[in-house]
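Subject: Handing over the structure

Hello,

Here is the structure I promised to pass on to you. Please open it alongside this message, and then read on for what turned up in it.

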Amino acid sequence: MTDISKTIVVLGATGQQGGSVAAALRADGWRVRAVVRDPSGRRARSLSASGVETVRGDLGDPESLRAAFADAHGVFSVQPNSGQAGADVTNEDEVRFGTAVADIAERCGVAHLVYSSAVTAGSTTGVDHLDTKGRVEAHLRNLDIASTIIRPAAFMELLVTREMGLDRGHLSFLMRPDQAMQFIAVRDIGRIVAAVFGSPESYAGRTMEIAGDALTGNALAEHLTRAAGRPISYGRLSTILPTQDEVVSEVVSKLEALVDDGRLVGNANLGALRAEFPFLLRFDRWLAGPGGNLLDEALRSTDSGIGPG
Ligand SMILES: NC(=O)c1ccc[n+]([C@@H]2O[C@H](COP(=O)([O-])OP(=O)(O)OC[C@H]3O[C@@H](n4cnc5c(N)ncnc54)[C@H](OP(=O)(O)O)[C@@H]3O)[C@@H](O)[C@H]2O)c1
């Protein structure tokens with residue numbers, strides 16, 4: 001039986017995935033240690049208040065990782081990516097961070113490493129900021145450490161951001177209106193990772209695509225319209241981008257090509273996953289639950305931006 005009195009180290013715990021993993025592990029009774037860059041920051045203090053031990057560290061500082069991993073049973077590994085808004089890392093940083101975490105976990109005798117990758121990691125896509133994760137996966141598989149690789153589908157959270165247009169009553173994303181793509185709630189990434197650490201005998205050595213729902217653009221618009229109580233239409237991102245931004249247009253057209261050839265849509269077996277993880281949220285349930293506040297925020301920006309004044 002798994003001994004949950006042992007410590008799991010969580011990287012990125014002040015962020016989306018790590019925050020979800022830390023919360024789910026705590027809910028299952030594990031001791032959780034978060035490696036944070038600023039222990040006095042708001043998110044780190046809120047982790048401490050929830051019973052998570054916070055230690056100062058940095059993915060670029062191997063010594064801090066060695067100290068954090070020294071007596072740990074498990075490590076959850078996630079790295080920032082250059083494609084994210086506001087990220088201050090290069091693609092080489094991401095690969096260096098991801099491989100260092102795995103190397104140090106192996107040398108520290110960590111029993112189980114869970115690495116969060118991406119659905120595109122099974123092939124080289126030619127999009128540099130996506131191909132980083134395949135490189136980390138390849139390195140990890142050559143090490144002498146029990147590991148599980150999860151490949152999360154697109155986050156539901158991505159859909160309810162201003163950048164995707166909800167503040168203008170319109171959602172834009174990568175697929176055509178009639179094309180389906182898989183999505184997962186960030187909350188469920190944490191719950192799956194907690195289940196993985198809880199049953200290493202079932203999950204060590206596995207690479208798992210994970211998702212909670214599959215929806216076309218039109219279906220997303222219907223769910224959002226119902227949840228928002230006002231019409232939300234859907235269009236493909238490339239059809240609404242400002243044409244002058246050539247760099248963004250080029251990345252978007254590459255990503256849409258990966259959707260069209262099936263590599264970015266997510267190919268998880270939803271039926272099997274829902275049987276294995278019955279808590280997985282479909283998009284409508286997510287909107288009615290953890291996504292509700294995010295949707296409200298995205299819609300409120302319409303009210304404050306172009307409301308009567
Ligand atoms: N499938 C999808 O739809 C999707 C969507 C978004 C992201 N992703 C992937 O998810 C990964 C990022 O995960 P996320 O979205 O959970 O992250 P996030 O919310 O952006 O947070 C990033 C986390 O990394 C920490 N961090 C950044 N640089 C660090 C460093 N040098 N040392 C230690 N910690 C550092 C941040 O800590 P601070 O608080 O100190 O900044 C924060 O906790 C990326 O690899 C990205 O490709 C996938």
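A salt bridge here is a side-chain nitrogen of Lys or Arg that lies within 4 Å of a carboxyl oxygen of Asp or Glu. Please keep in mind that this is a predicted model.

**Salt bridges**

Let me start with that term. A search of the whole structure finds 18 salt bridges. One of them joins the side chains of Glu53 and Arg33, with N and O 3.0 Å apart. Glu53 belongs to strand E3 (residues 53-56) and Arg33 to strand E2 (residues 31-36), so this pair ties together parts that are 20 residues apart in sequence. The two partners are not equally covered: Arg33 is buried, with a relative accessible area of 8%, whereas Glu53 counts as partly exposed at 37% relative accessibility.

A second pair sits within one helix. Asp93 forms a salt bridge with Arg96, and their closest N and O atoms are 2.8 Å apart. Both residues lie in helix H4, three residues apart, which is about one turn of the helix. Asp93 is buried, its relative accessible area being 17%, while Arg96 counts as partly exposed at 44% relative accessibility.

A third pair is made by Arg176 and Asp178, whose side chains meet in a salt bridge at 3.3 Å, N to O. Arg176 is partly exposed at 36% relative accessibility, and Asp178 is exposed at 55%. This pair also has company: Arg176, Asp178, Arg236, Glu256 and Asp260 are linked in a network of salt bridges.

**Two domains**

How is the protein divided up? The domain assignment gives domain 1 (7-152) and domain 2 (153-185 + 211-265 + 282-309). The C-alpha centres of these two domains lie 27 Å apart. Where they meet, 13 residues of domain 1 are in contact with eleven residues of domain 2. The size of an interface is often given as the accessible area lost when the parts come together. Between domain 1 and domain 2, the buried area is about 880 Å², and carbon and sulfur atoms give 68% of it. How many salt bridges are counted between domain 1 and domain 2? The count there is zero.

**Helix H8**

Next, have a look at helix H8, which runs over residues 217-228. Its twelve residues reach 16 Å from the first C-alpha to the last, close to the 16 Å expected at 1.5 Å a residue. Which residues of H8 are buried? They are Gly217, Leu220, Ala221, His223, Leu224 and Ala228. These buried residues cover an arc of only 165° around the axis, which puts them on the same side of H8. Just after the helix comes Gly229, and this residue takes a positive phi of about 70°.

**A loop residue**

Finally, a stop at Ala87, which is found in the loop between strand E4 (74-77) and helix H4 (91-107). Ala87 counts as partly exposed, because its relative accessibility is 29%. Leaving aside residues up to four places away in sequence, Ala87 touches Asn81 and Ser82.

If you would like a place to begin, try the pair Glu53 and Arg33, and then move on to the buried residues of H8.

Enjoy looking around, and with best wishes

Definitions and conventions:
Residues are numbered from 1 along each chain as its sequence is written. This is a predicted model: local features need pLDDT of at least 70, side-chain atom pairs count only at pLDDT 80 or more; totals for chains, interfaces and linings use all residues. Side-chain values use heavy atoms; hydrogens and water are left out. Helices (H or I, at least four residues) and strands (E, at least two) are DSSP runs, numbered from the N terminus. The expected span of a helix is 1.5 Å times one less than its number of residues. Buried means under 20% relative accessible area, exposed over 50%, partly exposed in between (1.4 Å probe, protein chains only). The arc is that of the directions from the helix axis to the C-beta atoms. Contact means heavy atoms within 4.5 Å. Domain bounds come from an automatic or database domain assignment. Buried area is the accessible area (1.4 Å probe) that two parts lose on being put together, summed over both.
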